[in-house]
Amino acid sequence: MSRQSSATSTKSRGVVGLPAAVAASNSNNDLASLFECPVCFDYALPPIMQCQSGHIVCSSCRPKLSSCPTCRGPLGNIRNLAMEKVASTVMFPCKFSTTGCPVTLLHTDKTEHEETCEFRPYCCPCPGASCKWQGSLEQVMPHLMHQHKSITTLQGEDIVFLATDINLPGAVDWVMMQSCFGHHFMLVLEKQEKIDVQQFYAIVQLIGTRKQAESFAYRLELNGHRRRLTWEATPRSIHDGVQSAIMNSDCLVFDTNIAQLFADNGNLGINVTISMT
């Protein structure tokens, strides 16, 4: 009997504390809803623009409007300083809350968080800007298999990534898939035209999350006559893409002259080894 009584008492204390937390959450949600832009339905965050009657629109939509979308009155360049002050105290939900992100944060931290949020849709990991597909992580491989059938997939932890015709003019991308350890890795070799030289960038991405990527390491190796060029790193999640790595040279980088030292009749073989850490 004493155990039942104690359990009932503990449960009662938990119920008593719940409404206060719910009330605080609802109060914050009510405040956040006041900042909804009537055009894009995203939050209007500082700088917050308003019409002469005080109706707000976000700074992104303002340049596209000739009149207030709420009252049809004229839109000047009036900032709603009172709403901006209130905004500094409100915890806004991440824009990817609808896909599962539980985070709420101040508007000053919102943009930075959303750029790297694990719940934002994944973009097609193929290099270049031609494919605009977005979807969940589980949909990435089906998308690649149906829309990018030309990508070859090799099985195993140690393979050779063969880039053919590296002397082709202009910017070119070579892509392969490597399957091992129950995961898929995308191998990318990208050639970019610089002012006076062509530059090559080679990198490995995991079709997975950042946390999953931390469990692996990869090694890229070019072999030639008494020559060897090696790069070792942690694969990047496709959530991050390859461009940030290329911009920071956080990948295997070599120019045309180096490529010719290791190429065979215009074809370049890169040894790729994936390991678990």
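F216 is buried in this predicted model, with a relative accessible area of 3%. Its ring pairs with that of F181; the ring centres are 6.0 Å apart and the planes stand at 45°, so the pair counts as tilted. The contact joins distant parts of the chain, since F181 sits in the loop between β10 (172-180) and β11 (183-193) while F216 belongs to strand β13 (residues 216-224), 35 residues apart. F181 itself is partly exposed, at a relative accessible area of 32%.

A second aromatic pair also bridges separate stretches of sequence. The rings of F200 and F254 have centres 5.3 Å apart and planes at 5°; planes under 30 degrees apart count as stacked, so this pair is stacked. F200 lies in strand β12 (residues 198-206) and F254 in strand β16 (residues 252-255), 54 residues apart. Both F200 and F254 are buried. The structure holds 6 aromatic pairs, and ring pairs also link F35, Y43 and F92 into a cluster.

The loop that carries F181 leads into the strands around it. β10 and β11 form a hairpin with 2 residues between them, and F181 in that turn has a positive phi of about 55°. The two strands, β10 and β11, pair in the antiparallel sense over 9 bridges. One bridge sets Q178 against F185 in β11. On the next connection, a hairpin of 4 residues joins β11 to β12. β11 and β12 are again antiparallel, with 9 bridges between them, and L187 stands opposite V204 in β12. β11 thus has β10 as one partner and β12 as another. It is also mostly covered, as 8 of the 11 residues of β11 are buried. Strands of a sheet pair through backbone hydrogen bonds, in either a parallel or an antiparallel sense.

Elsewhere in the chain, 3 strands make an open sheet in the order β2-β1-β3, with antiparallel pairing. β2 (56-57) and β3 (78-79) are at the edges and have a single partner strand each, so one side of each is left without a neighbour in the sheet. Strand β1 (residues 49-50) pairs with β2 over 2 bridges; in one of them, M49 has V57 of β2 as its partner.

The cysteines come next. How many disulfides does the structure hold? There are 0. C51 is in no disulfide, and the nearest cysteine sulfur, that of C68, is 3.7 Å away. The cut-off for a disulfide is a pair of sulfur atoms within 2.5 Å, so a separation of 3.7 Å does not qualify. C51 has 1% relative accessibility and counts as buried. C131 is likewise in no disulfide; its nearest cysteine sulfur belongs to C124, 3.7 Å away. C131 is partly exposed, with a relative accessible area of 23%.

C124 turns up again at the largest pocket, which has a volume of about 340 Å³. Of the 19 residues that line this pocket, the closest to its centre are C123, C124, P125, G241 and V242. The lining divides into 9 nonpolar, 7 polar and 3 charged residues. Empty space of this kind is found by rolling a probe the size of a water molecule over the atoms.

Conventions
Residues are numbered from 1 along each chain as its sequence is written. This is a predicted model: local features need pLDDT of at least 70, side-chain atom pairs count only at pLDDT 80 or more; totals for chains, interfaces and linings use all residues. Side-chain values use heavy atoms; hydrogens and water are left out. On a 1 Å grid over the protein atoms alone, a cavity is a set of points where a 1.4 Å probe fits but cannot get out, and a pocket is an open set with protein on both sides within 12 Å along at least five of seven lines; lining residues have an atom within 4 Å of a point. Grid points are joined across faces, edges and corners, and a volume is the space filled by probe spheres set on the points. Ala, Val, Leu, Ile, Met, Phe, Trp, Tyr, Cys and Pro count as nonpolar, Asp, Glu, Lys and Arg as charged, and the others, Gly among them, as polar. Two strands pair if DSSP finds at least two bridges between them. Rings of Phe, Tyr and Trp (its six-membered ring) pair if their centres lie within 6.5 Å; planes under 30 degrees apart count as stacked, over 60 as edge-to-face and the rest as tilted. Buried means under 20% relative accessible area, exposed over 50%, partly exposed in between (1.4 Å probe, protein chains only).
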